[in-house]
Amino acid sequence: MTVHPIVITGEPVLHRRAAEVKDFDENLRRLVADMFETMDAAYGVGLAAPQIGVGLRIFVYGLHNDDGAPDRGVLVNPTLTTSKVPGTAPDPEEESEGCLSVPGESFPLKRADWAKISGFDAEGNPVEFEATGWFARCVQHEYDHLDGRLYVDRLNDRYARKAKRSTKDHGWGVPGLTWLPGVEPDPFGH
């Protein structure tokens with residue numbers, strides 16, 4: 001297994017829809033193993049293939065939940081259904097979100113409280129579960145990556161301005177920027 005560099009906002013693969021996985025083979029299983037290794041080294045709770053520069057519809061997660069879903073898993077070619085996102089302003093104390101591709105930053109974001117996801121595991125077996133609370137947030141966040149969206153693309157105007165300023169201050173927003181979990185300092189301070 002290999003820890004891959006995580007690409008930072010501005011890398012084109014993060015901003016376009018990922019392609020469907022066609023072959024459930026050893027290459028896919030190796031990629032999924034590498035994704036788990038990279039997620040763990042980054043102290044993440046989720047990682048989508050585009051975040052390591054691979055434009056395929058795959059994400060892994062590792063988050064304890066009370067929804068009866070496995071605490072660790074992979075979704076290949078997933079589909080997602082959610083409840084309505086509340087129209088209220090996000091609570092900065094309870095609803096701040098971060099992303100390994102926007103390293104070290106976090107901003108408040110409203111998400112749906114419930115999600116249903118279905119897809120396949122690395123062997124091609126069907127997977128389906130419902131998620132609530134923070135687990136639902138994680139599933140929505142990772143699914144967005146597969147459609148070329150980062151959580152900062154969903155922020156309300158107030159926080160979107162702060163995120164754009166932060167991106168500019170860090171020199172992000174251009175291709176070619178990465179960070180390597182386990183080698184470079186943890187941007188979230190774990």
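Does Glu95 count as buried or exposed, and what is its relative accessibility? At 12% relative accessibility, Glu95 counts as buried, because the cut-off for that label is under 20% relative accessible area. The model described here is predicted, and every value below is computed from it.

**The chain as a whole**

The protein chain contains three helices and nine strands. Read from the N terminus, the order of these elements is β-α-β-β-β-β-β-β-β-α-α-β. The radius of gyration is 16 Å, close to the 16 Å that the globule rule gives for 190 residues, so the chain is as compact as a globular protein of that length. Along the principal axes, the C-alpha atoms fill a box of roughly 45 × 35 × 30 Å.

Of the 190 residues, 47% count as buried. The accessible surface of the chain is about 9300 Å², and carbon and sulfur atoms hold 50% of that surface. Among contacts with a separation of 6 or more, 70% are between residues 24 or more positions apart. As for charge, the chain carries 20 positive and 30 negative side chains. The centres of these two sets lie 9 Å apart.

**Glu95 and its surroundings**

Glu95 sits in the loop between β4 (72-82) and β5 (96-99). What does the side chain of Glu95 reach at 2.6 Å? The partner is the backbone nitrogen of Asp91. The side chain of Glu95 also makes a polar contact with the side chain of Lys110, at 3.0 Å. Lys110 appears again in the list of residues in contact with Glu95, once neighbours within four places in sequence are left aside. The others in that list are Ala89, Pro90, Phe107, Pro108, Leu109 and Arg137.

**Val21 and Asn77**

Val21 lies in the loop between β1 (6-7) and α1. With 9% relative accessibility, Val21 counts as buried. Not counting neighbours within four places in sequence, Val21 is in contact with Leu28, Leu56, Arg57, Ile58, Val76 and Asn77.

Asn77, one of these partners of Val21, is found in strand β4. Asn77 is buried as well, with a relative accessible area of 12%. Its backbone has a phi near 50 degrees, a positive value in a residue other than glycine. Most residues other than glycine have a negative phi. Tyr43 also has a positive phi, near 60 degrees. Tyr43 belongs to the loop between α1 (26-41) and β2 (46-48).

**Helix α3**

Two residues of helix α3 are described here. Thr167 is found in this helix, which covers residues 157-170, and Ala160 is in helix α3 too. Thr167 has 19% relative accessibility and counts as buried, because the cut-off is under 20%. Ala160 is buried, with a relative accessible area of 15%.

Which residues does Thr167 touch, not counting those up to four places away in sequence? They are Thr9, Trp172 and Gly173.

**Sequence and space**

The table sets separation along the chain beside the distance between C-alpha atoms for three pairs.

| Pair | Separation in sequence | C-alpha distance |
|---|---|---|
| Thr167 and Gly10 | 157 residues | 9.3 Å |
| Ala160 and Pro108 | 52 residues | 9.9 Å |
| Val21 and Met39 | 18 residues | 20 Å |

The rows can be tied to the residues above. Thr167, which is 9.3 Å from Gly10 by C-alpha atoms, also touches Thr9. Pro108, at 9.9 Å from Ala160 by C-alpha atoms, is one of the residues in contact with Glu95. For Val21 and Met39, 18 residues apart along the chain, the C-alpha atoms are separated by 20 Å.

Terms used: Residues are numbered from 1 along each chain as its sequence is written. This is a predicted model: local features need pLDDT of at least 70, side-chain atom pairs count only at pLDDT 80 or more; totals for chains, interfaces and linings use all residues. Side-chain values use heavy atoms; hydrogens and water are left out. Helices (H or I, at least four residues) and strands (E, at least two) are DSSP runs, numbered from the N terminus. The radius of gyration is taken over C-alpha atoms; the globule rule is 2.2 Å times the number of residues to the power 0.38. Buried means under 20% relative accessible area, exposed over 50%, partly exposed in between (1.4 Å probe, protein chains only). Contact means heavy atoms within 4.5 Å. Accessible areas come from the Shrake-Rupley method with a 1.4 Å probe; for residues, only the protein chains shown count as cover. Lys and Arg count as positive and Asp and Glu as negative; His and the chain ends are not counted. The place of a charge is taken as NZ of Lys, CZ of Arg, CG of Asp or CD of Glu. A polar contact is a pair of N or O atoms within 3.5 Å; within protein, one must be able to donate a hydrogen and the other to accept it, and residues adjacent in sequence count only if both atoms are side-chain atoms.
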